[in-house]
Amino acid sequence: MLLLVGWATLFPGALAQGVPPPPVITNDPSSLIVLAGSDAVFEVGVHESSVPLSYTWRFFGVNIRGGTNAALKLFNTQSHQVGIYSVVVANMSGRVTSSNASLTVVTGPFPPDLVVRPGEDATFSIQVDGVGPADYQWQFNGQDLAGETRPILNLLNVQSSQAGQYSVTVSNPAGSVTSPEALLTVEAAPRLGYVLWGAQGFHFNITGTPWVTCIIQASKDFAAWTDISTNTLPAGGVLEFIDPDASSFNWRCYRVFQP
């Protein structure tokens, strides 16, 4: 009875003639911001109807094949799906079109992982495809980076203390999303240690970043240096090196570096 009173207030002529009123949208679709690869769902709310309703979702005004339910589900969203969505709701008495809702897709960061040497620069970026401006806030290990509010994050003269996880939160009127984390690795400069004389020769360890190639050089006057070995550090980052020729010199010094 309450429902009939409501319809009579909205459409008195239709009710008097026994014709159901046209649809009334109670909740328009909301704009969405999502990460690339995630799902997006647009929904429309309609006043209860005693007759069947039909739904036709549209993308930039063009009907979407299969978009015939009260909710439009987009799976594994990508940038080509960014744009304006709306829905037409109809019954035997008429139709009504919702207001527009936009979809924004955030992709990145790029690159997902980055390896640099101490003193080099590192750059991460994020791609935002959507309608209107967006706000950005970069994070390092989950904490906001002061002043880093652009789509590109430039880190100059990187040091080992800056190695870690970087992400960015992107916001617009539709909401906000936080990107996956990108890993920044700062290679440790190789160093020598654990010196030992043995039956096979002069032993020492090289410690550094795993899988990095190092060149070992030797000198007897700190002026002229000669390559004596090129090695790739193992998974543990520590390599034992033996110089069998060391005993042939009164003294000999060593250094190691990355080419």
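**Figure 1. The largest nonpolar core of the predicted model.** This core has 19 residues. Those that touch the most other members are Phe124, Ile126, Leu155, Val158, Tyr166, Val170 and Leu184. At least two core residues come from each of these strands: S12 (122–129), S13 (135–140), S15 (152–155), S16 (164–172) and S18 (182–186). A second core, separate from this one, holds 17 residues, among them Ile25, Val34, Phe42 and Val105. In soluble globular proteins, nonpolar side chains tend to be buried together.

**Figure 2. Surroundings of Ile126.** Apart from neighbours within four places in sequence, Ile126 is in contact with Val106, Thr107, Gly108, Pro109, Tyr136, Trp138, Pro151, Val168, Val170 and Ser179. One of these, Val170, is listed with Ile126 among the core residues that touch the most other members.

**Figure 3. Strand S15 and its pairing with S12.** The two strands run antiparallel and are joined by four bridges. Leu155 in S15 is the bridge partner of Ala122. Which side chains of S15 are buried, and which are not? Leu153 and Leu155 point to one face and are buried. Ile152 and Asn154 point to the other face and are not buried.

**Figure 4. Two cis peptide bonds, before Pro109 and Pro111.** The bond from Gly108 to Pro109 is cis, with omega near 10°. Pro109 lies in strand S10. The bond joining Phe110 and Pro111 is also cis, and its omega is about -15°. Pro111 sits in the loop between S10 and strand S11 (113–116). Gly108 and Pro109 also appear among the contacts of Ile126.

**Figure 5. Ser98, a buried loop residue.** Ser98 is in the loop between strand S9 (94–97) and strand S10 (101–110). Ser98 counts as buried because its relative accessibility is 6%, and buried means under 20%. Leaving out neighbours within four places in sequence, its contacts are Ile25, Asp28, Pro29, Ser86 and Val87. Of these, Ile25 is included in the second core.

**Figure 6. Phe60 and Asn76, residues with positive phi.** Phe60 is not a glycine, yet its phi is positive, near 50°. Its place is the loop between strand S5 (54–59) and strand S6 (62–63). Phe60 counts as exposed because its relative accessibility is 54%, and exposed means over 50%. Asn76, also a residue other than glycine, has a positive phi near 50°. Asn76 is in the loop between strand S7 (71–74) and strand S8 (83–91). With a relative accessible area of 45%, Asn76 is partly exposed.

How values were computed: Residues numbered from 1 in each chain as written. Predicted model: local features only at pLDDT ≥ 70, side-chain atom pairs only at ≥ 80, totals over all residues. Heavy atoms only, no water. Buried < 20%, exposed > 50% of the residue type's maximum accessible area, 1.4 Å probe, protein only. Contact = heavy atoms within 4.5 Å. Core = buried A, V, L, I, M, F, W, Y, C linked by side-chain atoms within 4.5 Å. Pairing = 2+ DSSP bridges.
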